[in-house]
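Welcome! Let's look at a protein together and ask how we can tell what its parts are doing with one another.

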Amino acid sequence: MTVSLADIFAARLTLRGQADATPFVPSPYMTARAGHDVLMKLETCQPIGAFKLRGAVNAVMNLPEGVAGVTCCSTGNHGRGVAYAAARRGIRAVICMSELVPQAKVDGIRALGAEVCIIGRSQDDALAQSLRLVAAEGLVEISPFDDPKVIAGQGTIGLEMIEARPDLSMALVPLSGGGLAAGVAVAVKAVNPAVQVIGITMDRGAAMHASIAAGHPVEVEEVPSLADSLGGGIGMDNRLSFPLCRDHLDGTILVTEEDIRDAMQVLFYEDRMVAEGASVVGLAAILSGKVRPQGPVGTIITGRNLDMGMFHRIMAGEDIDLGDRTLKGKRYGA
Ligand SMILES: *Cc1c(COP(=O)(O)O)cnc(C)c1O
């Protein structure tokens with residue numbers, strides 16, 4: 001089982017009218033800083049405010065006739081995508097999430113008519129609950145990242161990027177379970193293998209990064225982060241996103257909470273855009289000097305579903321409580 005360019009083209013047809021192409025726009029500020037075009041794929045413009053709609057719609061719409069309903073574990077955005085797609089198809093959805101998921105994301109899912117189950121302190125706890133529902137109620141589980149239809153759906157982003165900018169030299173992809181990075185890498189490299197595809201994640205609980213380094217899936221501790229959407233493991237029995245990321249990514253890079261905060265501020269104060277921490281890790285990698293572009297570079301602004309109170313505090317330069325530590329505040333430009 002794998003995911004090919006043909007699967008990604010098929011996904012594009014399934015997504016038509018439900019999760020359409022998003023803008024891919026230059027950031028003048030980032031371009032000036034990097035000395036090369038820096039382009040942002042605005043998945044914040046999807047109807048659920050995040051790219052995960054693509055994979056969720058592709059998975060839900062391809063389920064057989066008569067399916068009882070769907071369930072998933074989620075850090076928030078996948079659940080929102082599955083809830084949206086299930087409502088479109090008129091089937092039941094039960095979304096399982098840990099206590100670490102911000103309330104704004106939980107509210108967004110309930111508003112779409114899905115049932116919500118909050119359980120435990122980690123994605124693993126949420127997944128276990130989701131699998132119990134499969135056994136007890138005959139629901140179909142849709143993995144947030146380790147599912148061929150989900151990966152193909154996310155891969156349509158890579159296709160749009162390389163079609164819009166065939167001269168792209170590098171794609172910086174926010175990385176957690178690796179469904180997005182796997183799909184984007186398959187699409188982009190099928191068209192032009194010379195494009196560097198780099199996975200970017202936070203240095204707190206970087207499961208795919210640690211797994212690639214170890215050569216097999218490893219568990220990491222899940223801790224609070226500004227990039228809450230990047231939390232969670234990759235599954236010890238990962239079948240698809242791990243081998244695809246291991247074989248297709250040109251590297252993985254870690255950014256700090258400070259890097260993420262600075263990038264969120266740049267995106268807001270310079271480009272006037274609101275995005276969640278997970279979305280800006282590509283920009284953070286450039287701003288912190290961890291990535292030095294050698295040509296046009298594209299990154300994916302993956303979502304905007306963050307708590308606005310938290311956003312306000314970050315923009316105002318206030319200290320942020322991350323549970324086990326405090327991120328010192330910094331005023332933009334100061
Ligand atoms: C899920 C998510 C990611 C990471 O996607 P993976 O496929 O799990 O690697 C990045 N950004 C946002 C906003 C997300 O919701």
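**Where two domains meet**

The two domains of this predicted model make polar contacts: between domain 1 and domain 2 there are 15 residue pairs of this kind, both partners at pLDDT 80 or more. Two helices, α1 (5–15) and α7 (148–164), each supply at least two residues of the side of domain 1 that touches domain 2. With eight residues, α7 gives the most to that side. Sorted by class, the side of domain 1 that touches domain 2 has ten nonpolar, twelve polar and eleven charged residues.

Q: Which stretches of the chain make up domain 1 and domain 2?
A: Domain 1 is built from 5–49 + 147–327, while domain 2 covers 52–141. Their C-alpha centres lie 22 Å apart.

Q: How do you know that domain 1 and domain 2 are in contact?
A: Contact asks for heavy atoms within 4.5 Å. By that rule, 33 residues of domain 1 are in contact with 22 residues of domain 2.

Q: What tells us how much area domain 1 and domain 2 bury between them?
A: Interface size is often given as the accessible area lost when the parts come together. For domain 1 and domain 2 this comes to about 2,400 Å², with 54% of it on carbon and sulfur atoms.

Q: Why is the pair Lys 105 and Asp 228 called a salt bridge?
A: Side chains of opposite charge can pair when their charged atoms come close. The cut-off is 4 Å from a Lys or Arg side-chain nitrogen to a carboxyl oxygen of Asp or Glu. The closest N and O atoms of Lys 105 and Asp 228 are 2.8 Å apart, so the pair qualifies. Across the interface of domain 1 and domain 2, the rule finds four salt bridges; a search of the whole structure finds 20.

Q: What makes Arg 54 and Glu 43 a salt bridge?
A: Their side chains meet at 2.7 Å, N to O, and the limit is 4 Å, so this pair passes too. Arg 54 sits in helix α3 (residues 52–61), and Glu 43 in the loop between β2 (38–42) and α3, eleven residues away.

Q: How do you know that Lys 52 is beside the ligand?
A: Being near means having a heavy atom within 4 Å. The side chain of Lys 52 has an N or O atom 2.7 Å from an oxygen atom of the ligand, so Lys 52 meets that test. Lys 52 is among the closest of the 16 residues that surround the ligand, together with Ser 176, Gly 178, Leu 180 and Thr 302.

Q: Why do Gly 177 and Gly 179 count as polar contacts of the ligand?
A: The limit for such a pair of N or O atoms is 3.5 Å. A backbone N or O atom of Gly 177 lies 2.9 Å from a ligand oxygen, and a polar backbone atom of Gly 179 is 3.0 Å from one. Both values fall within the limit, so both count.

Methods. Residues numbered from 1 in each chain as written. Predicted model: local features only at pLDDT ≥ 70, side-chain atom pairs only at ≥ 80, totals over all residues. Heavy atoms only, no water. Domains from an automatic or database assignment. Buried area = accessible area lost by both parts, 1.4 Å probe. Polar contact = N/O pair within 3.5 Å; in protein donor to acceptor, adjacent residues only side chain to side chain. Helix = DSSP H or I, 4+ residues; strand = E, 2+ residues; numbered from the N terminus. Nonpolar A, V, L, I, M, F, W, Y, C, P; charged D, E, K, R; others polar.
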